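Subject: Structure handover and findings

Hello,

Here is the structure you will be working with. Please load it first, then read the notes below.

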Amino acid sequence: MIRNITVIGAGTMGNGIAHTFAQHNFNVQLTDLSTEALEKAINKISGNLDRQIKKGSIDERIKTATLNNIKTGTDLAAAIAGADLVIEAATENPDIKLKLFKQLSSLCGDEVILATNTSSISITQIAAVTKNPGNVIGMHFMNPVPVMPLVEVIRGYATTDAVAAKVMNLSRQLNKVPVEVNDYPGFVANRILMPMINEAIYTLYEGVAGVEEIDTVMKLGMAHPMGPLQLADFIGLDVCVAILKVLHQGFGNAKYAPCPLLVNMVTAGHLGVKSGMGFYQYTTGSKDLVIAPKFARK
């Protein structure tokens with residue numbers, strides 16, 4: 001029975017995953033290299049719980065219990081001691097993930113399930129550096145984790161039926177809808193989503209239409225709740241580039257190569273919501289969108 005969860009990485013996805021498990025009465029160890037990142041994560045989780053209280057979906061008792069279910073620390077070995085499941089939510093970088101999973105494999109017992117929240121990197125490749133590749137699986141949560149119902153459960157080449165079944169069942173315990181997919185570049189979600197976002201950026205790059213126009217067409221014409229350029233900002237433009245590079249390398253098809261405009265924006269540090277500037281400009285504490293000066297109509 002899975003009760004003790006270790007989440008590695010206290011960023012947007014990591015704190016969301018920790019929040020979700022803790023709110024469903026799992027024991028959570030949230031670990032990161034940075035004490036500051038851990039403090040920010042707990043503050044973020046607390047703020048999100050307050051929003052749930054205002055909406056009437058939870059009360060103060062649940063908030064207190066959720067926060068009490070989370071322990072934090074920077075010592076990886078201490079964080080995974082006693083874990084039934086370790087979920088990695090580190091930077092979307094193959095070298096970082098491979099190094100981390102090799103380390104986890106040496107520290108964890110043979111029965112511990114090792115999951116990655118990767119958006120696109122091969123589960124099979126990650127599993128290959130571990131001593132028990134059958135215990136490695138993908139759990140791709142959607143952002144914001146406490147709200148979005150989908151968990152993309154990705155089976156690597158060696159993932160066992162027993163591990164896949166446990167993770168599918170565990171996802172349901174979180175009131176999520178797990179969908180099992182196989183391990184190919186981008187899996188399902190990003191194999192379909194990222195080329196659409198990239199094409200929207202090309203549409204802007206080639207001067208077909210402006211930011212607002214492109215997003216409006218997709219929202220009103222295709223019933224998308226958020227336009228592709230705003231969604232790219234929300235995901236993080238650096239993450240979009242990383243995923244597109246995985247798709248490009250994996251399939252060897254030029255259609256997956258990131259648009260030059262997207263690459264330039266990331267190089268300039270315009271990463272979307274996280275940096276305050278992307279296709280839109282974001283004000284701290286405000287959800288209002290302002291077309292970034294670079295893309296404003298003249």
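Gly 14 is buried, at a relative accessible area of 0% (buried is under 20%, exposed over 50%, partly exposed in between, with a 1.4 Å probe and protein chains only). Gly 14 sits in helix H1. Helices here are DSSP runs of H or I with at least four residues, strands are runs of E with at least two, and both are numbered from the N terminus. Not counting residues up to four places away in sequence, Gly 14 touches Val 7, Gly 9, Leu 30 and Ala 89. Contact means heavy atoms within 4.5 Å.

Some ground rules. This is a predicted model, where local features need pLDDT of at least 70, side-chain atom pairs count only at pLDDT 80 or more, and totals for chains, interfaces and linings use all residues. Residues are numbered from 1 along each chain as its sequence is written, and side-chain values use heavy atoms, with hydrogens and water left out.

Binding site and domains

Gly 14 is also one of the positions that UniProt marks as "binding site" in an unreviewed entry. The others are Gly 9, Ala 10, Gly 11, Thr 12, Met 13, Asp 32, Glu 92, Lys 97, Ser 119, Asn 143 and Lys 274. UniProt positions follow the numbering used here, feature names are shortened, and annotations may be inferred rather than shown by experiment. Gly 11 lies in the loop between strand S1 (4-8) and helix H1 (12-23). Gly 11 counts as partly exposed, at 37% relative accessibility.

The unreviewed UniProt entry gives two domains. "3-hydroxyacyl-CoA dehydrogenase NAD binding" covers residues 4-183. That span is 44% helix and 22% strand, with its end C-alpha atoms 26 Å apart. "3-hydroxyacyl-CoA dehydrogenase C-terminal" covers residues 186-282. Residues 186-282 are 62% helix and 3% strand, and their end C-alpha atoms lie 28 Å apart.

Cores

In soluble globular proteins, nonpolar side chains tend to be buried together. A nonpolar core here is a set of buried Ala, Val, Leu, Ile, Met, Phe, Trp, Tyr and Cys residues joined through side-chain atoms within 4.5 Å. The largest one has 35 residues. Phe 21, Leu 85, Ile 87 and Phe 141 have the most contacts inside it. Another core lies apart from it, with 26 residues, among them Cys 240, Val 241, Leu 244 and Ala 292. Leaving aside neighbours within four places in sequence, the contacts of Phe 141 include Met 13, Ile 17, Phe 21 and Ile 87.

Pocket and cavity

Both come from a 1 Å grid over the protein atoms alone. A cavity is a set of points where a 1.4 Å probe fits but cannot get out. A pocket is an open set with protein on both sides within 12 Å along at least five of seven lines, and lining residues have an atom within 4 Å of a point. Grid points are joined across faces, edges and corners, and a volume is the space filled by probe spheres set on the points.

The second largest pocket holds about 230 Å³. Its lining has 6 nonpolar, 2 polar and 3 charged residues. Asp, Glu, Lys and Arg count as charged; Ala, Val, Leu, Ile, Met, Phe, Trp, Tyr, Cys and Pro as nonpolar; the others, Gly among them, as polar. Helix H7 (residues 161-173) gives the most to this lining, with 4 residues.

There is 1 cavity of 30 Å³ or more. The largest cavity has about 50 Å³ of space. Its lining divides into 4 nonpolar, 4 polar and 1 charged. Val 112 is one of the lining residues of the cavity, and Val 112 also lines the second largest pocket.

Backbone points to check

- Asn 143 and Pro 144 are joined by a cis peptide bond, with omega about 0 degrees. Pro 144 is in the loop between strand S6 (136-141) and strand S7 (150-155).
- Asn 175 has a positive phi, near 60 degrees, and is not glycine. Asn 175 is in the loop between H7 and strand S8 (177-182), and is exposed at 61% relative accessibility.
- Lys 176 is in the loop between H7 and S8, but Lys 176 is buried at 8%.
- Ala 223 also has a positive phi near 60 degrees. Ala 223 is exposed, at 67%.

Best wishes
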